[in-house]
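Hi,

Here is the structure I promised to pass on to you. Have a look at it first, and my notes on what turned up follow right after.

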Amino acid sequence: TPAPVASELELRFTAVTGHSYQVERREALTGGDWMGYARVDPPFVTGELRIPVLRPTADTYFRIVTPAP
């Protein structure tokens, strides 16, 4: 039995000064188009970024692209 998915998830990663990021998501690991979820402008200092994910499903996949398109 699958465990219930939390109503909110938080993505965390270390953002480096001077680099922009694009968080993308899709509903299948091996197919489908990646869609933009959040864009992060270059931070002033290197540090942890937290991006909330509202209503995730068990089959939602994320990736982080740098530099952001």
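Glu27 counts as partly exposed, at 45% relative accessibility. Its salt-bridge partner is Arg25, with the closest N and O atoms 3.3 Å apart. Arg25, for its part, is buried, with a relative accessible area of 15%. Please keep in mind throughout that this is a predicted model.

That pair is one entry in a longer list: searching the whole structure gives six salt bridges. As general background, side chains of opposite charge can pair when their charged atoms come close. Some of these bridges share partners, and in that way Glu10, Arg12, Glu48 and Arg50 are joined into one network.

Within that network, Arg50 and Glu10 form a salt bridge whose closest N and O atoms are 3.8 Å apart. This pair links distant parts of the chain, since Arg50 sits in strand β4 and Glu10 in strand β1, 40 residues apart. Both ends are partly exposed: Arg50 has a relative accessible area of 47%, and Glu10 comes to 36%.

Another bridge you may want to look at joins Glu24 and Arg63, where the closest N and O atoms are 2.6 Å apart. What does this pair tie together? Glu24 lies in strand β2 and Arg63 in strand β5, so the bridge connects parts that are 39 residues apart in sequence. Glu24 counts as buried, at 11% relative accessibility, whereas Arg63 is partly exposed at 37%.

Now for the overall layout. The protein has zero helices and five strands, so to speak a plain β-β-β-β-β order when read from the N terminus. Of its 69 residues, 26% count as buried. The accessible surface comes to about 5,000 Å², and carbon and sulfur atoms hold 57% of that. As for contacts with a separation of 6 or more, 69% are between residues 24 or more positions apart.

Next, the inside. The largest nonpolar core has nine residues in all: Leu11, Phe13, Ala15, Tyr21, Val23, Ala38, Val40, Ile51 and Val53. Strands β1 (8–15), β2 (21–26), β3 and β4 (47–54) each supply at least two residues of this core. Which strand gives the most? That is β1, with three residues.

Two members of this core are worth describing one by one. Leu11 lies in strand β1 and counts as buried, at 18% relative accessibility. Leaving aside its neighbours within four places in sequence, Leu11 is in contact with Val23, Leu49, Arg50, Ile51, Val53 and Phe62. Leu11 and Val23 are twelve residues apart in sequence, and their C-alpha atoms are 9.4 Å apart in space. Phe13 touches Tyr21, Val23, Gly47, Glu48, Leu49, Ile51 and Ile64, again not counting residues up to four places away in sequence.

On the aromatic side, a search of the whole structure finds two pairs. One of them is formed by Tyr37 and Phe62 and is edge-to-face, at 5.8 Å centre to centre and with 75° between the planes. Tyr37 belongs to strand β3 (residues 35–40) and Phe62 to strand β5 (residues 61–65), so this pair links distant parts of the chain, 25 residues apart. Both rings belong to partly exposed residues, with a relative accessible area of 28% for Tyr37 and 23% for Phe62.

Finally, a loop residue. Ser20 is found in the loop between β1 and β2. Is Ser20 buried or exposed? At 11% relative accessibility, Ser20 counts as buried. Its side chain reaches the backbone nitrogen of Ala68 at 2.9 Å. Leaving aside neighbours within four places in sequence, Ser20 is in contact with Val40, Asp41, Pro42, Val65, Thr66, Pro67 and Ala68.

Best wishes

Methods:
Residues numbered from 1 in each chain as written. Predicted model: local features only at pLDDT ≥ 70, side-chain atom pairs only at ≥ 80, totals over all residues. Heavy atoms only, no water. Phe/Tyr/Trp six-rings, centres within 6.5 Å; stacked < 30°, edge-to-face > 60°. Helix = DSSP H or I, 4+ residues; strand = E, 2+ residues; numbered from the N terminus. Buried < 20%, exposed > 50% of the residue type's maximum accessible area, 1.4 Å probe, protein only. Core = buried A, V, L, I, M, F, W, Y, C linked by side-chain atoms within 4.5 Å. Contact = heavy atoms within 4.5 Å. Salt bridge = Lys/Arg side-chain N within 4 Å of Asp/Glu carboxyl O. Areas by Shrake-Rupley, 256 points an atom, 1.4 Å probe, with all protein chains shown as cover. Polar contact = N/O pair within 3.5 Å; in protein donor to acceptor, adjacent residues only side chain to side chain.
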